[in-house]
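User: I would like to go through this structure step by step. Please keep the answers short and end each on the value or name I ask for.

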Amino acid sequence: MVSLEPWGDGDLPLVQQLMGDPAMTEHLGGPESPEKLVERQHRYEQLAGSGEGRMLKIVEENGEAAGSVGYWEKEWRGGQVWEIGWMVLPAFQGRGIAGRATEQAIALAQADGRHRFLHAFPSVENAPSNAICRKLGFSLLGACDFEFPPGHPMRCNDWQLDLEA
Ligand SMILES: CC(C)(COP(=O)(O)OP(=O)(O)OC[C@H]1O[C@@H](n2cnc3c(N)ncnc32)[C@H](O)[C@@H]1OP(=O)(O)O)[C@@H](O)C(=O)NCCC(=O)NCCS
């Protein structure tokens, strides 16, 4: 069992473990600088309570933080959609945690009711993330090119879930 908790003001160490780590960011443009990680922590805190999405901590049964899942607004092909993203620390990977946590986050986005479509944009090379999208019923719309971070081109899959279906 995993549960989701709102991102807290003491969660910078978790941001550092997730986005400051070379293995964790292999498909996300590489580790962020200490300054960028602090900025990210602020963004995550602000998202809570803004109504414009949620950033959540994935918590294991024993209370340990296992990762993050969150969704936020994105302008996409002329409309507003939710974009969702997930990360699970290496010690907790391969146990279905990302899939279960993402399922719970999808239910929250559905309850928020603000946007009909939820998109995920994993790198075409990110096999586990593409497997999660497929398993949770997203439709693959095709591949697209992003720069993330700026200057770092990425080929990503555009997966869409209809929250009203
Ligand atoms: C992607 C990530 C969140 C997966 O976390 P996880 O908890 O290990 O994932 P789960 O165990 O829930 O599920 C992974 C699924 O991918 C499958 N999978 C794992 N490795 C795979 C591979 N090399 N090829 C194909 N499928 C694979 C698993 O079998 C599982 O599917 P199943 O439940 O149908 O068996 C984790 O690897 C991670 O944080 N990576 C770094 C950050 C990142 O890339 N985030 C995603 C950005 S879009």
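## Sheet and ligand shell

Analyst: The model is predicted. To start with the sheet, strand β2 (residues 53-60) and β3 run antiparallel and are joined by seven bridges.

User: Which residue in β3 stands opposite V59?

Analyst: β2 and β3 form a hairpin with four residues between them. In its turn, G63 has a positive phi of about 95°. The residue of β3 that stands opposite V59 is A65.

User: Which residue that is not a glycine has a positive phi of about 50°?

Analyst: The place to look is the loop between β3 (65-76) and β4. These two strands form a hairpin with two residues between them. The residue there with a positive phi near 50° is R77.

User: What is the bridge partner of S68 in β4?

Analyst: β3 and β4 run antiparallel, joined by ten bridges. In β4, the partner of S68 is M87.

User: Which residue in β5 is the bridge partner of E83?

Analyst: β4 and strand β5 (residues 117-120) run parallel, with two bridges joining them. In β5, E83 has as its bridge partner H119.

User: What is the handedness of the crossover from β4 to β5?

Analyst: The two strands run parallel. Between them the chain passes through α3, which makes this a β-α-β crossover. Its handedness is right-handed.

User: Which residue in β7 stands opposite A120?

Analyst: β5 pairs with strand β7 (residues 153-162) in the antiparallel sense, over four bridges. Opposite A120 in β7 stands W159.

User: Which residue in β7 is the bridge partner of A143?

Analyst: β6 and β7 are antiparallel and joined by eight bridges. The loop between β6 and β7 holds P149, and a cis peptide bond with omega of about -15° joins F148 to P149. On β7, the bridge partner of A143 is N157.

User: Why is one side of β1 and β6 left without a neighbour in the sheet?

Analyst: The sheet is open, has seven strands with mixed pairing, and follows the order β1-β2-β3-β4-β5-β7-β6. β1 (2-6) and β6 (139-147) stand at its edges, so one side of each has no neighbour, because each has a single partner strand.

User: By how many degrees are neighbouring strands of this sheet turned against each other on average?

Analyst: The sheet is an open one of seven strands with mixed pairing. With direction ignored, the average turn between neighbouring strands is 30°.

User: Turning to the ligand, which residue has a polar side-chain atom 2.5 Å from an oxygen atom of the ligand?

Analyst: A backbone N or O atom of V88 is 2.8 Å from a ligand oxygen atom, and a polar backbone atom of A98 is 3.0 Å from one. Those two contacts involve backbone atoms. The contact at 2.5 Å comes from the side chain of K135.

User: What percentage of the area that the ligand exposes when taken alone does the protein bury?

Analyst: Taken alone, the ligand exposes 970 Å². The share of this that the protein buries is 67%.

User: Which element gives the largest share of the shell around the ligand?

Analyst: The ligand has 20 residues around it, and W86, V88, G94, G96 and K135 come nearest. By class, the shell divides into twelve nonpolar, six polar and two charged residues. The elements that give two or more residues are β4 (79-88), α3 (97-112) and α4 (127-135). The largest share, six residues, comes from α4.

Terms used:
Residues numbered from 1 in each chain as written. Predicted model: local features only at pLDDT ≥ 70, side-chain atom pairs only at ≥ 80, totals over all residues. Heavy atoms only, no water. Near = heavy atom within 4 Å. Polar contact = N/O pair within 3.5 Å; in protein donor to acceptor, adjacent residues only side chain to side chain. Areas by Shrake-Rupley, 256 points an atom, 1.4 Å probe, with all protein chains shown as cover. Nonpolar A, V, L, I, M, F, W, Y, C, P; charged D, E, K, R; others polar. Pairing = 2+ DSSP bridges. Right-handed = clockwise from strand over helix to strand, strands pointing away. Axes fitted to C-alpha atoms, helices over the stretch in contact; angles between N-to-C directions.
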